[in-house]
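Let's take a walk through this structure together, one stop at a time. Keep the sequence and the 3D view open beside you as you read.

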Amino acid sequence: MEMLNTLVNYLWGPPMMVLLIFTGLYFTVKTKFFQFTHFGYALNQTLLSIFKKDEKIHEAEGAITPFQAVSTALAGTVGNGNIAGVAAAIAIGGPGAIFWMWIVSFVGMATKMVEVSLAVHFRRKDENGNFYGGPMYYMEDGLGKKWRPLAKFYAASMFIAALGTAVYAQPHTMGVAMESAFGVPRLVTVSIAVLITGIVVIGGVKRVGQFCEKLVPTMCLLYIIGALGVVFANFHNIPAMFAMIVKYAFAPAPAAGGFAGATIMLAVRRGFSRGMFSNEAGMGSAPMVHATAITDHPVRQGLWGIAEVFVDTIVVANITALAILSSGTWNNGMSGAELTFSAFETVWGPWGPKIVTIGVLLFALSTMIGWSIEFETATTYLFGEKSMKYMKWFYFVPPFIAATMSVEAVWLVVDLSSGLLALPNLIGLLGLSGVFMKLFEDFTKKEKLNADKAA
């Protein structure tokens with residue numbers, strides 16, 4: 001634990017935070033604040049397009065539809081980082097952590113648009129006609145062979161991250177929630193989750209996409225309704241809550257109740273790390289899923305990156321934070337999913353923990369399934385396509401280990417994994433800024449978009 005704490009504190013020190021914000025701001029300025037000036041256009045081309053019939057999709061190449069791609073990507077991003085992770089950020093970093101989570105999200109929209117676009121642009125096709133891609137491929141093919149060690153380091157980090165987050169932190173939170181709410185032994189919950197994940201994952205990318213496009217919208221809607229019930233019941237606390245978020249973003253949060261107090265740096269660190277883990281902007285994980293999508297232009301798929309961060313953090317994670325802070329339970333000494341339980345319980349009574357538990361189950365299961373693509377992509381890059389015949393079974397081992405671990409140990413592994421992914425990926429994105437800007441200018445020209453004005 002001491003070693004992990006030291007590594008995480010070093011990794012998430014000022015250099016990483018500066019690099020994370022700088023990258024997002026750099027692309028925000030380079031694209032003339034595209035994620036803000038053309039936010040309506042981005043939503044119209046992404047989330048709102050699922051209600052339209054797009055003839056272009058039949059002319060483009062790819063394995064799964066854009067909506068299936070974003071559903072699968074959201075299945076990986078909208079996980080228990082939105083329930084337990086946000087709660088842990090508040091419990092440790094105080095209300096001010098949420099302000100810094102917002103900052104990471106706003107600039108992260110640009111970062112994610114860039115990494116998704118590059119993943120599609122540099123994607124490859126195997127002998128069976130399947131597409132695959134991601135940071136390791138755009139580093140190697142875009143930056144050149146001399147950058148291959150960085151690509152290898154990223155792929156190795158992704159291999160570890162998939163085992164250390166998707167099938168480690170998620171089943172752990174799921175097991176704790178079921179044990180607390182219904183008294184179900186952790187190993188029973190984890191075993192069932194692994195069985196369902198295996199059935200879906202073995203069916204390949206298309207089955208994963210089909211499963212996630214049905215699960216993700218349903219799970220998000222159910223959880224949002226439950227959380228909004230808490231927010232509306234405590235609506236009178238909203239002004240004071242926002243004032244507290246801003247105040248403690250720039251001032252130390254004093255000890256209160258069960259809250260031990262937090263420095264500004266701790267609030268920034270927790271806000272940044274949890275914000276990035278929540279929406280994965282800068283980690284390069286979701287682009288591996290988007291690289292398989294059917295699309296006619298890399299940047300068109302990149303627009304889904306903007307929508308993805310919006311749904312994951314600005315909507316789902318933010319609602320969790322608002323529920324915890326408005327209910328006044330944030331400083332009761334609890335952390336993780338248990339803190340979210342207590343917030344829901346103030347309004348929903350005994351049903352509160354059960355509502356959160358359902359959210360935890362669905363969110364964790366979706367992440368375990370969604371991240372299988374990232375695991376497969378990293379494994380294939382490191383060990384070759386034939387290796388998946390044997391390596392795929394490693395994906396189902398960590399859940400049984402995580403079921404016995406403490407909350408603190410699990411989330412330290414998450415922070416460590418996120419940082420190891422972000423560092424090489426952000427360097428790669430900055431190195432390929434010229435390539436992205438050519439793609440971006442080509443797309444805006446074809447779509448007749450004026451980057452200086454809102455569409």
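We start at helix 10, residues 169-182. At 1.5 Å a residue, its 14 residues should span 20 Å, and the C-alpha atoms at its two ends are indeed 20 Å apart, so expectation and model agree. How many of the 14 residues of helix 10 are buried? The count is 11, so helix 10 is largely enclosed by the rest of the structure. You can pick these buried residues out by eye: they include Ala169, Gln170, Pro171, His172 and Thr173 towards the beginning of the list, and Ala177, Met178 and Ala181 further along. Just after helix 10 comes Gly183, which takes a positive phi of about 75 degrees.

Before going further, a word on confidence. This is a predicted model, and the protein chain averages a pLDDT of 84, with 90% of the residues scoring at least 70. Confidence is highest in helix 23 (residues 433-446), at a mean of 95, and lowest in helix 5 (residues 66-77), at 66. Over residues 451-455, pLDDT stays under 50, and there the model has 13 contacts beyond four places in sequence. Where pLDDT is low, the predicted coordinates should not be read in detail.

Next, look at how some of the helices pass one another. Helix 7 (residues 96-121) and helix 16 (residues 298-327) have axes that come within 7 Å and cross at roughly 155 degrees. With an angle over 145 degrees counting as roughly antiparallel, helix 7 and helix 16 are therefore roughly antiparallel to each other. The crossing in which helix 7 passes helix 16 is right-handed.

Now turn to another pair, helix 12 (residues 205-233) and helix 18 (residues 351-370). Their axes are 10 Å apart and the helices pack at an angle of about 155 degrees, so helix 12 and helix 18 are also roughly antiparallel to each other. Their crossing is left-handed. On the helix 12 side, the residues making the contact include Val208, Phe211, Cys212, Leu215, Met219 and Cys220, while helix 18 contributes Ile355, Leu362, Phe363, Ser366 and Ile369. Many of these positions are spaced in a way that fits a general rule, which is worth keeping in mind as you turn the view. An α-helix has 3.6 residues a turn, so residues three or four places apart point the same way.Stay with Cys220 for a moment. Cys220 lies in helix 12 and, at 8% relative accessibility, counts as buried. Cys220 and Val316 are 96 residues apart in sequence, but 7.3 Å apart in space, C-alpha to C-alpha.

Three more residues are worth a visit. What does Glu140 touch, not counting residues up to four places away in sequence? Glu140 sits in helix 8 (residues 135-143), and its contacts are Arg124, Lys145, Arg148, Ala151 and Tyr381. With a relative accessible area of 5%, Glu140 is buried, because the cut-off for buried is under 20%.

Arg270 is a second charged residue to find, in helix 14 (residues 264-279). Its relative accessible area is 12%, so Arg270 is buried. Leaving out residues up to four places away in sequence, Arg270 touches Ala89, Ile92, Gly93, Ala97, Gly275 and Asp415.

The third is Phe443, which lies in helix 23. Is Phe443 buried or exposed? At 1% relative accessibility, Phe443 counts as buried. Beyond four places in sequence, Phe443 touches Tyr41, His297, Val299, Arg300, Leu303 and Leu449. One of these, His297, is 146 residues from Phe443 along the chain, yet their C-alpha atoms are separated by 7.4 Å.

We finish with two backbone details. Most residues other than glycine have a negative phi, and most peptide bonds are trans. Phe33 is not a glycine, although it has a positive phi of about 60 degrees. Phe33 is found in the loop between helix 2 (14-30) and helix 3 (34-37), and at 42% relative accessibility it counts as partly exposed. Lys448 also has a positive phi, of about 55 degrees, without being a glycine. Lys448 lies in the segment after helix 23, and at 73% relative accessibility Lys448 counts as exposed.

Conventions: Residues are numbered from 1 along each chain as its sequence is written. This is a predicted model: local features need pLDDT of at least 70, side-chain atom pairs count only at pLDDT 80 or more; totals for chains, interfaces and linings use all residues. Side-chain values use heavy atoms; hydrogens and water are left out. Helices (H or I, at least four residues) and strands (E, at least two) are DSSP runs, numbered from the N terminus. Buried means under 20% relative accessible area, exposed over 50%, partly exposed in between (1.4 Å probe, protein chains only). Contact means heavy atoms within 4.5 Å. pLDDT is the predictor's confidence in each residue, from 0 to 100. The expected span of a helix is 1.5 Å times one less than its number of residues. Axes are lines fitted to C-alpha atoms, for helices over the stretch in contact, and angles run from 0 to 180 degrees between N-to-C directions. Angles under 35 degrees count as roughly parallel, over 145 as roughly antiparallel, 65 to 115 as roughly perpendicular and the rest as oblique. A crossing is left-handed if the near helix is turned anticlockwise from the far one by less than a right angle, and right-handed if clockwise.
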